Amino acid sequence: VLREMGESAPPIEIDTAQSWHTGRRRRAWAMIRGGALTVAVVVVGFLAMSGALAPRALVPATPDQSTSTDRLNYPAHIGRQLWVSDLPEDPGPMAALIHVRTDNGPGQWQVVTPDGTRYRAVSEGVPEPIAVALSPDGGTLVTVQIGPDVGGVERTDEVWIRDLVEGGTLVTSINDGYFDSMSPLLVSPQGDRMWVPTVNTQGVHGGEVLQAHPVGGDGDLAVSGRYVARGSAIGWLSDHEVVLLDPDHAPDGSVALMSWDVNLDLDASWSAATTLGVFPSNSDDGNFGAESSFWSVGPQRTLAHVNARSEPSVLTEYTLQGAAVRQSQFQGAAIWDCSMSWLPDGPALSKGLPTPAALAAAFAPQNATALIDTDAAIGVDCVQAATSALAGGPASSLIQRLNGVTWWWREILLILWAAGAIASWRGARRAQNSLFTGPLIGP
C-alpha cells in the first residue's frame, strides 16, 4: 500500500539553481548584518570609552556671565576616558577642577563638565600652568604660566583668563614682580575679577587685582582695571571686596584679617581696608608664608581655616568677627595647591591622599558618602568644585548613574555587545547551513 501511495504521489520538483541563488543571497545579507553589527559594537564601545557619549547638559550663556544654581550641577562620579581633549571654544560653565598625576612631570590640570566629561585646562602643547582657578559660577577659568629666565633678564609671568561662556581669552602679564606660588589664585563670584598673588624682587608679598571685561561682540576680553595691593588674599566676600591677611595688626601666634573694597583707588589711602578680627595662625613667629593657603571664604560670608599643626588636622569655621562657629577633624585632606570648595552651608575638602581623591563636606556625618568620587585609574589627587555646581546638586545623567554602579560599565557593555554580535553571527550561520540540510525527495 505504501509503495502504491508513493508511486501515485506527484513528483516534487526542486529548482536547485534557484535554491542556490536564494541561499547565496541570504548568506550575503547575513554577512552584511554580522559585519555591520560588529562595526557598530566597536564604534559604540570606542565612543563610550572616550567619553564622547556623555551628554553636554551645559548652561546657556547669560549677559552677566553668571549661572543659575539650579541649572548647574556637579558630577558625583568622575570616571575614565579613552582620551582627554582640549576645551572647546565656548563649552559653557564647568563644574569642577581636578589635578591628575602623571608618570613624568608635574601632572595635569583638567576641567570637568556637570556630566563628568574631562578636558585639559590648557591646550595640548602649552606648558602646564603653575596655578589654576575656576570662578564660583563656573564661567571663568584662570591659569598662570611661568615665564622663562633668559640671560639674567627678569622673567615675565602670564595670566590667562578664559571666558567659558562667550569664548574669549585674555593673556596679560604680571607687572609687579612674580607670581607667588605659595598663595592661592582667586576669582570673584561673577568671574570678572581675579586676585593674582605676587612677590616682588624685595620679597614683599602682595597681589594684583585684574578686572576683565568683554570687548565688542566677538568674545574678546581686555583688562579695564588693575590694582596693586600688599598682603596675601584668602578669598572674595563679594565681587568687589577681597579678604587679606593683615600682618601689621597680628599679634604673635595669630593672624588678623582685613577686607578691602577693590572699587576704591589704592593710591588714595588704605581707608578702604577694614580689620575683621584676630584668628589663630599656623605660624608662631608671625611669618605667615603660606598661611593664606589654609584659609577660604564662603558664599555666606563665613571663613574656614585649617590648623595643619594638629594631628588629625582641624578645620574651623568662623564668623567675620572671629567667633568660632563649628569644628571638624579630618585626615588625608589635600591642602597645598588644592583650595577648599563651598556648599551653601559649609566648606568641602578634597580627601583621600595620595589617590584617588574625593570631595567631601567638612561637616557631614562620619558615614556620609563623598560629594564627588574619582576612579583610581585616573590618579586624581585634588578635586575642587564650583560653588554654583555644588549648590545645584549632583547631575542625574545616564553616564553618572552608570559610573555610580561601577567604573567598568563601559567594558561590561562592550563585552555584552560583542557577545550579542557573535551570537547573532552564529545564528545567521546556522540559518544558512540549514537551507540545504535534510534529504531531497525527488522522482
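The side chains of Thr-316 and Gln-327 are joined by a polar contact of 3.1 Å. That makes a handy way into this structure, which is a predicted model. Thr-316 sits in strand S21, a run covering residues 313-318, and with a relative accessibility of 5% it counts as buried. Setting aside neighbours within four places in sequence, Thr-316 touches Leu-303, Ala-304, His-305, Ala-324, Arg-326 and Gln-327. Another residue worth a look is Val-306, which belongs to strand S20 (residues 303-307). Val-306 is buried as well, its relative accessible area being 0%. Between Val-306 and Trp-295 there are 6.7 Å in space, C-alpha to C-alpha, for a separation of 11 residues in sequence.

Stepping back to the whole chain, the protein has five helices and 27 strands. Of its 443 residues, 47% are buried. The accessible surface adds up to about 21700 Å², and carbon and sulfur atoms account for 55% of that. As for how the chain meets itself, take the contacts between residues at least 6 apart in sequence: 53% of them join residues at least 24 apart.

One sheet can be followed strand by strand. Strands S23, S24 and S25 make up an open, antiparallel sheet, laid out in the order S23-S24-S25. The edges are taken by S23 (341-343) and S25 (358-361); each has a single partner strand, so each is left with one side that has no neighbour in the sheet. Direction ignored, neighbouring strands here are turned by 35° against each other on average. In general, strands of a sheet pair through backbone hydrogen bonds, in either a parallel or an antiparallel way.

On one side of the sheet, S23 and S24 run antiparallel and are paired over three bridges. Trp-342 has Pro-347 in S24 as its bridge partner. The link between S23 and S24 is a hairpin, made through two residues. On the other side, S24 (residues 346-351) pairs with S25, again in the antiparallel sense, over four bridges. Two of the partnerships can be named: Leu-349 is matched with Ala-360 of S25, and Ser-350 with Leu-359 of S25. S24 itself has five of its six residues buried, so the rest of the structure largely encloses this strand.

Salt bridges are the next thing to look at, and the structure holds seven of them. Arg-80 takes part in one with Asp-375, where the closest N and O atoms are 2.5 Å apart. Arg-80 is in the loop between strands S1 (77-78) and S2 (85-86), while Asp-375 is in the loop between strands S26 (373-374) and S27 (380-385), so this pair ties together parts 295 residues apart in sequence. Arg-80 and Asp-375 are both buried, and for Arg-80 the relative accessible area is 17%, which puts this residue under the 20% cut-off for burial.

Arg-80 has a further salt-bridge partner in Glu-411, with 3.2 Å between the closest N and O atoms. Here too the pair links distant parts of the chain: Glu-411 belongs to helix H5 (residues 409-433), whereas Arg-80 is in the loop between S1 and S2, and their positions lie 331 residues apart in sequence.

A separate pair to mention is Asp-86 with Arg-120, a salt bridge whose closest N and O atoms are 2.7 Å apart. Asp-86 is in strand S2 and Arg-120 in strand S5 (residues 118-120), so the pair ties together parts that are 34 residues apart in sequence. The two partners differ in their exposure: Asp-86 is partly exposed, at a relative accessible area of 30%, whereas Arg-120, at 14% relative accessibility, counts as buried. Back at the loop between S1 and S2, shared partners bring Arg-80, Asp-375 and Glu-411 together in one network of salt bridges.

Key:
Residues are numbered from 1 along each chain as its sequence is written. This is a predicted model: local features need pLDDT of at least 70, side-chain atom pairs count only at pLDDT 80 or more; totals for chains, interfaces and linings use all residues. Side-chain values use heavy atoms; hydrogens and water are left out. Two strands pair if DSSP finds at least two bridges between them. Axes are lines fitted to C-alpha atoms, for helices over the stretch in contact, and angles run from 0 to 180 degrees between N-to-C directions. Buried means under 20% relative accessible area, exposed over 50%, partly exposed in between (1.4 Å probe, protein chains only). A salt bridge is a side-chain nitrogen of Lys or Arg within 4 Å of a carboxyl oxygen of Asp or Glu. A polar contact is a pair of N or O atoms within 3.5 Å; within protein, one must be able to donate a hydrogen and the other to accept it, and residues adjacent in sequence count only if both atoms are side-chain atoms. Contact means heavy atoms within 4.5 Å. Accessible areas come from the Shrake-Rupley method with a 1.4 Å probe; for residues, only the protein chains shown count as cover.
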